[in-house]
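Visitor: Please give me a close look at one part of this model. I would like to follow a single contact outward to its surroundings.

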Amino acid sequence: MIDLDAMISILLLLIANFTISWTRQLGTGWIRILLSVFAVLLLIPAFLFGFRALM
């Protein structure tokens, strides 16, 4: 059976990946910095959910 923590981790990683890809297409500006920070901050709970899924 698929673990819910693993699914949440995968979903957060997909959102972070999409955000980084979208940020690279934008020009310079504060919105690019804001989206980059948002994507990096999504990696923290994704790592924690992934670690919890392995336990």
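Guide: Arg 52 is exposed, with a relative accessible area of 54%. Exposed means over 50%, buried under 20%, and partly exposed in between (1.4 Å probe, protein chains only). The model is predicted: local features need pLDDT of at least 70 and side-chain atom pairs 80 or more, while totals for chains, interfaces and linings use all residues. Residues are numbered from 1 along each chain as its sequence is written, and side-chain values use heavy atoms, without hydrogens or water.

Arg 52 has a partner. It forms a salt bridge with Asp 5, and the closest N and O atoms are 3.1 Å apart. The cut-off for such a bridge is 4 Å, from a side-chain nitrogen of Lys or Arg to a carboxyl oxygen of Asp or Glu. This pair joins distant parts of the chain: Asp 5 sits in helix H1, Arg 52 sits in helix H2, and 47 residues separate them. The structure holds 1 salt bridge.

The two ends of the pair have opposite settings. Asp 5 counts as buried, because its relative accessible area is 12%. Arg 52 counts as exposed, because its value is 54%.

Now the helices themselves. The protein chain has 2 helices and 0 strands. Helices are DSSP runs of H or I with at least four residues, strands are runs of E with at least two, and both are numbered from the N terminus. H2 covers residues 30–54, 25 residues in all. Its expected span is 36 Å, and its end C-alpha atoms lie 37 Å apart, so the two agree. That expectation is 1.5 Å times one less than the number of residues.

H2 has buried positions: Leu 35, Ala 39, Leu 42 and Ala 46. An α-helix has 3.6 residues a turn, so residues three or four places apart point the same way. The cover over the buried residues of H2 includes helix H1, residues 4–25.

Two H1 residues show this from the other side. Ser 9 lies in H1 and is buried, because its relative accessibility is 8%. Leaving out residues up to four places away in sequence, Ser 9 touches Ala 46, Phe 49 and Gly 50. A contact here means heavy atoms within 4.5 Å. Thr 19 is also in H1, and it is buried at 5%. With that exclusion of up to four places, Thr 19 touches Leu 35, Phe 38 and Ala 39. For the whole chain, residues 24 or more positions apart account for 60% of the contacts with a separation of 6 or more.

H2 also offers residues to the outside. Leu 48 belongs to this helix and is exposed, because its relative accessibility is 52%. Ile 33 is in H2 too, exposed at 56%. Both belong to a nonpolar surface patch with Val 37, Leu 41, Ile 44, Phe 47, Phe 51 and Met 55; together these residues have about 900 Å² of accessible area. Ile 33 is 26 residues from Met 7 in sequence, and their C-alpha atoms are 28 Å apart in space.

Finally, the overall frame. The C-alpha atoms fill a box of roughly 45 × 15 × 10 Å along the principal axes. Of the 55 residues in the chain, 18% are buried.

Conventions: Patch = residues over 30% accessible without salt bridge, like charges linked within 9 Å, V, L, I, M, F, W, Y side chains within 5 Å. Areas by Shrake-Rupley, 256 points an atom, 1.4 Å probe, with all protein chains shown as cover.
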